[in-house]
Amino acid sequence: MIERVTRHLGRLVFDRDAIVRAALRAYVEGYLDQIARFWYPASDGMEWTGDLQRGAIYNVDVEGNYEVVAWTEAGVVGLACEAGWGPIQQFGLSVDAVTGGPDDVRAAVPGLPAELEPTFVLAVGMLLVGPEHGEKWAGVGFWLHGDRVGGTLFDDPAPYGARRLAAWGLLHNGRLLPLSCESYRPRPGWIVTNHDRPEDAPAHAIMDAVVDRRLKGPTEFTPAELETLLRPTPKPDQVLAVQRRLQKVGITWPGSPEIPEEPT
């Protein structure tokens, strides 16, 4: 675990294992939001690749701003793009220098340790590309390796997209918090403050318990957990879609067989 204090984003605390847990937690709540009894998930849309040892998560909002956070045994790399501020706009990357690969966004992670190169490549693999020049789209980044941390996330002033990565250093009880869509700044990182509604507590407690079990191995919801967690009479197609998504990360429904992937 390592701490950095920034002028615009507050006190940030980064820990590899906490970030992996928060990624899993955010993925779970992001899909359960369709059928469960809680409000305001951390993400409008998430994609997951890999596993808890070596993987990455892509987190996007309704306006197309996003971040990718990747992890391996060596540490963590995060990259983000906000409002079209990619490497051409943010780093001055020339169009002639665009490769469509990791070098497009390497300026986001200055000082990247060699041990984190595979983690960086994993993160880059989930980035979108610019529609005009095909550059990998990220304008800010951070890296975490042991007791060292770096990246343009800590620049002053904070680059575009920094708030999306700062959220991973502002975890609340192990949870990635939702970002504000308001014009004011509720707290460092533009994170919303109404994330602890009492009526949501039972659902959050169940999600915490399931995620903590999954960190030890594949798990499933108990019938009692589902009874407390789910809204009345969720639509069967919505339940099936959630089951498919959670099966991908080793979380299943009680007694359910393996669910085939959706046809592509």
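**Briefing: a six-stranded sheet and its surroundings**

Strand E5 (residues 66-72) and strand E6 (residues 75-81) run antiparallel and are joined by seven bridges. The model described here is predicted. Strands E5 and E6 belong to an open sheet of six strands with antiparallel pairing. The points below cover that sheet, the helices on it, the aromatic pairs, and two buried residues, Arg164 and Met46.

**The sheet**

- The order of the strands in the open sheet is E3-E4-E5-E6-E7-E8.
- Strand E3 (45-50) and strand E8 (148-150) are at the edges; each has a single partner strand, so one side of each lacks a neighbour in the sheet.
- From one strand to the next, the twist averages 10°.
- Where E5 pairs with E6, Tyr66 is found opposite Cys81 in E6.

**Helices on the sheet**

- Helix H1 (residues 16-32) lies across E3, strand E4 (55-60), E5, E6 and strand E7 (140-145). The direction of H1 is at about 130° to E3.
- Helix H3 (residues 117-124) also packs on the sheet, where it touches E4, E5 and E6. The directions of H3 and E6 make an angle of about 30°.

**Helix H1 in detail**

- The 17 residues of H1 should span 24 Å at 1.5 Å a residue, and the 25 Å between its end C-alpha atoms agrees with this.
- H1 is largely enclosed by the rest of the structure, because 14 of its 17 residues are buried.
- The N-terminal end of H1 is capped by Asp15, which has a side-chain oxygen 3.2 Å from the backbone nitrogen of Asp17.

**Aromatic pairs**

- Nine aromatic pairs are found in a search of the whole structure.
- One of them is formed by Phe14 and Phe142, with ring centres 4.9 Å apart and planes at 35°, an arrangement described as tilted.
- This pair links distant parts of the chain, since Phe14 is in strand E2 (residues 10-14) and Phe142 is in strand E7, 128 residues apart.
- Phe14 and Phe142 are both buried.
- A single aromatic cluster is formed by Tyr27, Tyr31, Trp48 and Trp71.

**Arg164**

- Arg164 is a residue of helix H4 (residues 162-166).
- The relative accessible area of Arg164 is 4%; the residue counts as buried because this value is under 20%.
- The side chain of Arg164 makes polar contacts with the side chain of Asp61, at 3.3 Å, and with that of Glu67, at 2.8 Å.
- Beyond its neighbours within four places in sequence, Arg164 is in contact with residues including Asn59, Val60, Asn65, Tyr66, Ala80, Glu82 and Leu179.
- Among these contacts, Tyr66 is the residue that stands opposite Cys81 in E6.

**Met46**

- Met46 is placed in strand E3, one of the edge strands of the sheet.
- Its relative accessibility of 3% makes Met46 buried, as the value is under 20%.
- Met46 and Gly30 are 16 residues apart along the chain, and their C-alpha atoms are separated by 7.0 Å.
- Not counting residues up to four places away in sequence, Met46 touches Ala26, Tyr27, Tyr31, Ile57, Tyr58, Asn59, Leu176 and Arg245.
- Of the residues touched by Met46, Tyr27 and Tyr31 are members of the aromatic cluster with Trp48 and Trp71.
- Asn59 is in contact with Met46 and also with Arg164.

How values were computed. Residues numbered from 1 in each chain as written. Predicted model: local features only at pLDDT ≥ 70, side-chain atom pairs only at ≥ 80, totals over all residues. Heavy atoms only, no water. Pairing = 2+ DSSP bridges. Helix = DSSP H or I, 4+ residues; strand = E, 2+ residues; numbered from the N terminus. Axes fitted to C-alpha atoms, helices over the stretch in contact; angles between N-to-C directions. Contact = heavy atoms within 4.5 Å. Expected span 1.5 Å × (residues − 1). Buried < 20%, exposed > 50% of the residue type's maximum accessible area, 1.4 Å probe, protein only. Polar contact = N/O pair within 3.5 Å; in protein donor to acceptor, adjacent residues only side chain to side chain. Phe/Tyr/Trp six-rings, centres within 6.5 Å; stacked < 30°, edge-to-face > 60°.
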